[in-house]
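Me: I am about to go through this structure one part at a time. Please look at what is shown below, and take each question slowly with me.

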Amino acid sequence: MPKIHHEIRDPIHIFVRLDEDELRLIDSEPFQRLRHIHQLALSYLVYPSATHKRFEHSLGVMELADRIYNVVTDPGNLTDRIRDLLPQVNKEDARGYWRKVLRAAALCHDLGHLPFSHAAEHELLPEDWDHETLTAQLILSPEMRRIWEQMTPPLTPEHIVKIAVGPKKAKDQEFSDWEAIVSEIIVGNAFGADRIDYLLRDSYHAGVAYGRFDHYRLVDTLRILPPPPTPPPGTSTEQLSLLAGMDHEPDPDEGSEEPMLGVQLGGLQSAEALLIARYFMFSQVYLHPARRAYDMHLVQFLKAWLPEGRFPVDVSGHLRYTDNEVLAGIRSAAREPGAPGHGPARRIHERRHFRVLYRSTPDDIEVNPNAGEVIYDAARERFGAENVLRDQYRPGSSAPDFPVWMQQAEHSYSAHSLSQPLRNLPPTVVDFVYVAPELARKAHRWLTEHRKRLIRP
């Protein structure tokens, strides 16, 4: 008897199940390339077991997105208002088609990642290009179009692009409310399967507990919900800000009928745990100072080593580069003093990364909001520009808001209005100044002597 469904063992989700169409997709060159793209770039030089790849992450996102889809489209989990707003949920054929699109999009959502994932994306692609742009290009490529045409039922590649990259990245596309919801299942800022899987998987492979939370309870309580009701006329902007937990004054006339993913009240604590886990993973793993130093050395090497100082963006050129080629280039350049990128390659190969000279503190910022920049400039002047680096990270927003359904009231409330932890969750902000390791002791003595004078405005 031919095997219609296939199972792949996974340490996070136990099994990932696929059909024959999805197996052909996984066997394609663009997807197989993900076997050679590290999920966390050079983090394995800090966390030795963090050697997992985008390949298994993409499988996990598909499995998780499918579970979420089945929960939120279950007829017993839909209100009459949502049925009216999203007629697709009432049609079995439409639900089946979009489930297939969702699973394909989840598998493909990371196809466009460069070698070492995010580490070099912003500086080594042309302006207005990112991994989502490359992902869309690959999904629409001739090889992938043949796969979509051969599926049962055939899938429209433009639908897969929308669901894989979402409205924020596919700005030239018009999204229906239904398409926006299905895309949110993968790339949503609060409950996207991409976020849930990478937190669980990165935590597991890095050997830390920060990224774990009760995702089973969270998934079971996810719902498609109307937005929180518009407050009554006469509500002050201060009251609106308090109600919504916002950090800006909202427009009192602002209202929306667009549904979004939210949770039942019983899942609020699981949602809080997810967003707190993300905060800790960023502060402890993703923004670890040594990890960030290796990212900077990697970018320095790639700018010198790549033929035109950046990665190609055509499909065939993109598929030529994986971590394997870059690692071979690093190993070779590290051994040849005259090779392009020899300096940063040697630092990566020999684990002689730049060391933290200064990290911003609340006290320093209170004295001088530009303390990091002042110390960076002074250190460059004192020790040479080639021996000093600076790394800044400021997230675009703090904890996202989302609707919470209260059955007794029969409408949803803003999560920020119900959750003090979410209202008070701080953004993860870092400002590091690094110095070459051979100068570290001298530089630290210098900074100890001059720090107070330097940061004084």
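Me: How many bridges pair strand β1 with strand β2 in the antiparallel sense?
Reply: Helices (H or I, at least four residues) and strands (E, at least two) are DSSP runs that are numbered from the N terminus, and two strands pair if DSSP finds at least two bridges between them. Strand β1 covers residues 5–10 and strand β2 covers residues 14–19, and a hairpin joins β1 to β2 through three residues. The two strands are antiparallel, and the number of bridges between them is six.

Me: Which residue of β2 is the bridge partner of H6?
Reply: This is a predicted model, in which local features need pLDDT of at least 70 and side-chain atom pairs count only at pLDDT 80 or more, while totals for chains, interfaces and linings use all residues. Residues are numbered from 1 along each chain as its sequence is written, and side-chain values use heavy atoms, with hydrogens and water left out. With that numbering in hand, you can look in β2 for the partner of H6, and the residue there is L18.

Me: What radius of gyration does the chain have, and what does the globule rule give for 457 residues?
Reply: The chain holds 22 helices and nine strands. The radius of gyration is taken over C-alpha atoms, and the globule rule is 2.2 Å times the number of residues to the power 0.38. The chain is as compact as a globular protein of its length, because the two values are close to each other, the first being 24 Å and the one from the rule 23 Å.

Me: Which strands stand at the edges of the open sheet with the order β3-β4-β7-β8?
Reply: This open sheet has four strands and mixed pairing. An edge strand has a single partner strand, so one side of it is left without a neighbour in the sheet, and here the strands in that position are β3 (222–225) and β8 (411–414).

Me: At about what angle does the direction of helix α9 stand to that of β4?
Reply: Four bridges join β3 to strand β4 (residues 260–264) in the antiparallel sense, and R223 has G262 as its bridge partner in β4. Helix α9 (residues 177–187) packs on the sheet and touches β3 and β4, where contact means heavy atoms within 4.5 Å. Axes are lines fitted to C-alpha atoms, for helices over the stretch in contact, and angles run from 0 to 180 degrees between N-to-C directions. On that basis, the angle between α9 and β4 is about 65°.

Me: Which residue takes a positive phi in the hairpin of β7 and β8?
Reply: Strand β7 (residues 403–406) pairs with β8 in the antiparallel sense over four bridges, and the bridge partner of V404 in β8 is Y413. The hairpin has four residues between the strands, and the residue with a positive phi, near 60°, is E410.

Me: Which helix lies across β5, β6 and β9?
Reply: These three strands form an open sheet in the order β5-β9-β6, with antiparallel pairing. Six bridges join β6 to strand β9 (residues 430–435), and R390 has V433 as its bridge partner in β9. Running at about 115° to β6, the helix that lies across the three strands is α14.

Me: About how much space lies in the second largest pocket?
Reply: On a 1 Å grid over the protein atoms alone, a cavity is a set of points where a 1.4 Å probe fits but cannot get out, whereas a pocket is an open set with protein on both sides within 12 Å along at least five of seven lines, and lining residues have an atom within 4 Å of a point. Grid points are joined across faces, edges and corners, and a volume is the space filled by probe spheres set on the points. For the second largest pocket, that volume is about 410 Å³.

Me: How many nonpolar, polar and charged residues are in the lining of the second largest pocket?
Reply: The lining has 20 residues, and the closest to the centre of the pocket are S360, I365, V429, V430 and D431. Helices α18 (362–367) and α19 (371–383), together with β6 and β9, each supply at least two residues of this lining. Ala, Val, Leu, Ile, Met, Phe, Trp, Tyr, Cys and Pro count as nonpolar, Asp, Glu, Lys and Arg as charged, and the others, Gly among them, as polar. By class, the lining has nine nonpolar, six polar and five charged residues.

Me: Which peptide bond is cis, with omega near -5°?
Reply: The place to look is the loop between α7 (142–150) and α8 (157–165), where P153 lies. The cis peptide bond runs from T152 to P153.
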